[in-house]
Amino acid sequence: MRFLPVNFNVLLVELADLEQTLALLHALQAQPLPGIVELVPAARTLLVNFRPSVVTRAALQRHIAALDLGRRVARDTTLVEVPVRYDGEDLDDVARLLGLTRREVVQRHTGSLFNVAFCGFAPGFAYLAGGDPVFKVPRRSSPRTKVPQGSVALGGAFSGVYPKASPGGWQIIGTTDLPMWDLARPVPALLQPGFQVRFVEQGARVFAAPAPATAPAPEPLPAASGNALLLRRPGLQALLQDQGRSGQVAQGVSASGAMDQGALRTANRLVGNDSGEACIELVAYGGFEVESQGDLVVAITGADVPATLHAPDGSQWPVPSHAPLALGPGDRLQLGAPRHGVRAYLSVRGGFDVAPVLGSRSTDTLAFIGPAPLAAGDRLPVRPPRGATIVGAPAEPPPPLPCVDETVVLDVVMGPRTDWFTPEGVARLFSQEWRVTPQSNRVGLRLEGAAPLLRAVDGELPSEGTALGALQVPPSGHPVLFMADHPLTGGYPVIATVATHHLDRAGQIPVHARVRFNPVSAFDPVEAGA
């Protein structure tokens with residue numbers, strides 16, 4: 001067992017194999033330690049997110065090292081049969097790689113009983129282990145930009161089914177029409193950790209999905225006040241975001257949430273809301289405009305954006321950010337292009353009366369979970385304030401946020417896979433500037449440097465958990481900085497992770513800005529018992 005650094009509040013536990021990983025996960029769930037926020041299991045690692053104010057890293061490591069991992073984890077008896085048409089475009093390549101015929105590949109795949117080891121990559125994507133040991137298939141050297149929904153595929157020692165169309169590098173051997181992910185189900189992911197799975201060639205028998213459980217009655221929402229914000233123009237992008245959805249790792253769902261959590265909390269404090277209320281997160285290039293339907297109190301935080309209030313009588317005047325602002329019926333609030341930063345946050349007193357999805361009102365742009373992106377004409381009902389909430393005093397604007405013509409410096413914690421890169425590659429991470437490319441979004445900032453990062457280890461990395469701020473390095477050698485909507489697991493090495501105190505700043509970096517990284521240390525890799 002090894003403890004590898006990820007961030008000041010995240011560590012990666014590396015184990016001998018999948019069986020040990022599942023044993024550690026089971027042990028930590030059976031004996032929960034206060035301060036552990038989330039556990040992300042993978043092929044032979046467990047990512048542990050914790051609160052340093054509750055439990056220190058050293059105490060957490062001692063607790064984990066003392067756990068008994070010798071007991072075999074009991075398997076769930078639930079069996080799900082997946083009908084498959086073995087028509088995948090990589091089936092012939094897989095047969096050649098394994099030295100088998102197409103028919104033998106199908107027979108061995110259908111003759112195996114798989115276990116759901118963990119979920120990740122995408123909501124409802126289950127990593128299936130325990131099949132025929134012959135199935136050890138490398139990922140494609142060039143990943144596809146789009147793998148069709150329902151593709152049955154092999155990657156390493158795992159089998160899996162793509163729940164929706166997405167990029168992917170696994171070898172496709174077939175397709176299924178059985179939906180892996182459906183928000184209409186009480187538990188959207190069909191395959192849960194511990195379930196058993198058998199693939200059956202379609203046409204051999206009639207299949208039925210497991211009978212759905214009775215859906216629990218939705219929690220009643222507070223009554224709407226009749227007031228609302230009418231979205232006239234959404235700008236480049238307008239989304240509802242809150243602090244994110246936690247506790248959904250078993251279904252392969254990451255937290256998502258606001259890119260600048262500090263700005264979200266400030267916006268809610270200014271209007272007297274709980275810190276976790278949803279705000280509109282907006283990228284205002286091209287203009288953003290809302291109209292008040294009723295008497296409302298709003299606040300704008302985050303990016304430095306010019307704001308103008310237009311009254312129904314035609315008068316207009318500039319209004320400050322980081323202060324509560326009263327709007328009357330018919331008042332229109334316009335926001336221009338940001339001078340510093342990228343994302344502004346608009347809160348409203350009482351909060352938006354929008355139903356949560358899996359416990360959050362955040363829009364996850366990778367997983368397509370949560371409210372749809374906001375569009376012109378959308379009417380957002382506003383709830384009445386709850387209790388004797390107090391409108392906050394104006395806040396000091398944050399220090400100047402990044403802008404396109406400056407170089408942004410971000411502290412990074414080295415690890416967990418720094419040793420996968422040559423000393424020259426590690427030095428290059430810090431010695432050169434990295435430009436943020438236009439392909440960047442809420443999933444990640446794609447960075448381009450004068451020279452790529454060179455790897456010392458050329459093999460495949462078994463899938464493992466990824467943290468917010470991770471600098472994952474694909475074969476191109478140009479890093480991707482994982483942001484709020486990043487996948488739970490990834491198959492490329494992470495050379496470093498943006499330090500917790502710079503995560504909000506990273507969420508405000510515009511396209512074409514330049515980035516430099518400054519190394520800081522959380523701790524060195526530690527062998528258990530050392």
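**View 1. Helix α5 and the residue that follows it.** Just after helix α5 of this predicted model, G272 adopts a positive phi of about 85°. The helix itself spans residues 261–271 and is mostly covered, with 8 of its 11 residues buried. The buried positions are Q261, G262, A263, L264, A267, N268, L270 and V271. The elements that cover these buried residues include four strands and a helix, namely β15 (237–241), β16 (279–283), β18 (296–304), β23 (340–348) and α7 (503–506). At the start of α5, a side-chain oxygen of D260 comes to within 3.3 Å of the backbone nitrogen of G262, and G262 is one of the buried residues of the helix.

**View 2. Strand β17 and its two antiparallel partners, β14 and β22.** Strand β17, which covers residues 288–293, is mostly covered, and 5 of its 6 residues are buried. With strand β14 (residues 228–233), β17 pairs in the antiparallel sense over 5 bridges, and R233 has E289 of β17 as its bridge partner. Strand β22 (residues 332–335) is also joined to β17, here by 4 bridges and again in an antiparallel arrangement. In this second pairing, E291 has R332 of β22 as its bridge partner.

**View 3. An open antiparallel sheet with a helix packed on it.** In this sheet 5 strands follow one another in the order β3-β4-β2-β1-β34, and the pairing is antiparallel. Strands β3 (36–41) and β34 (526–527) stand at the edges with a single partner strand each, so one side of each is left without a neighbour in the sheet. Within the sheet, strand β1 (residues 2–7) and strand β2 (residues 10–14) run antiparallel and are joined by 5 bridges, and F3 stands opposite V13 in β2. Helix α1 (residues 18–30) packs on this sheet, where α1 touches β2, β3 and β4 (45–50), and the direction of α1 makes about 160° with that of β3.

**View 4. A salt bridge between strands β5 and β13.** Side chains of opposite charge can pair when their charged atoms come close. Here the side chains of E81 and R198 meet in a salt bridge, with a distance of 3.7 Å from N to O. E81 belongs to strand β5 (residues 79–84) and R198 to strand β13 (residues 196–201), so the pair ties together parts that are 117 residues apart in sequence. R198 has a relative accessible area of 29% and is partly exposed.

**View 5. A salt bridge between helices α3 and α4.** D92 and R102 form a salt bridge in which the closest N and O atoms are 3.0 Å apart. Because D92 lies in helix α3 (residues 91–98) and R102 in helix α4 (residues 102–110), the pair ties together parts that are 10 residues apart in sequence. D92 counts as partly exposed at 36% relative accessibility, and R102 counts as partly exposed at 38%.

**View 6. A salt bridge between two buried loop residues, and a network of shared partners.** D485 and R442 form a salt bridge, and their closest N and O atoms are 2.9 Å apart. The pair links distant parts of the chain, 43 residues apart, with D485 in the loop between β30 (480–482) and β31 (489–490) and R442 in the loop between β26 (434–436) and β27 (444–449). Both partners count as buried, D485 at 0% relative accessibility and R442 at 1%. Elsewhere, R2, E14, R44, R417 and E464 are joined into one network by salt bridges that share partners. The structure holds 30 salt bridges.

**View 7. T418 in its loop.** T418 is found in the loop between β25 (407–414) and α6 (423–431). With a relative accessibility of 18%, T418 counts as buried, because the limit for that class is under 20%. Leaving aside residues up to four places away in sequence, T418 touches V426, V494 and I495.

**View 8. The chain as a whole.** The chain has 7 helices and 34 strands. Its radius of gyration is 24 Å, close to the 24 Å that the globule rule gives for 530 residues, so the chain is as compact as a globular protein of that length. Taken along the principal axes, the C-alpha atoms fill a box of roughly 80 × 55 × 45 Å. Of the 530 residues, 54% count as buried. Among contacts between residues at least 6 apart in sequence, 75% join residues at least 24 apart.

Note on methods. Residues are numbered from 1 along each chain as its sequence is written. This is a predicted model: local features need pLDDT of at least 70, side-chain atom pairs count only at pLDDT 80 or more; totals for chains, interfaces and linings use all residues. Side-chain values use heavy atoms; hydrogens and water are left out. A salt bridge is a side-chain nitrogen of Lys or Arg within 4 Å of a carboxyl oxygen of Asp or Glu. Buried means under 20% relative accessible area, exposed over 50%, partly exposed in between (1.4 Å probe, protein chains only). Contact means heavy atoms within 4.5 Å. Two strands pair if DSSP finds at least two bridges between them. Axes are lines fitted to C-alpha atoms, for helices over the stretch in contact, and angles run from 0 to 180 degrees between N-to-C directions. A polar contact is a pair of N or O atoms within 3.5 Å; within protein, one must be able to donate a hydrogen and the other to accept it, and residues adjacent in sequence count only if both atoms are side-chain atoms. The radius of gyration is taken over C-alpha atoms; the globule rule is 2.2 Å times the number of residues to the power 0.38.
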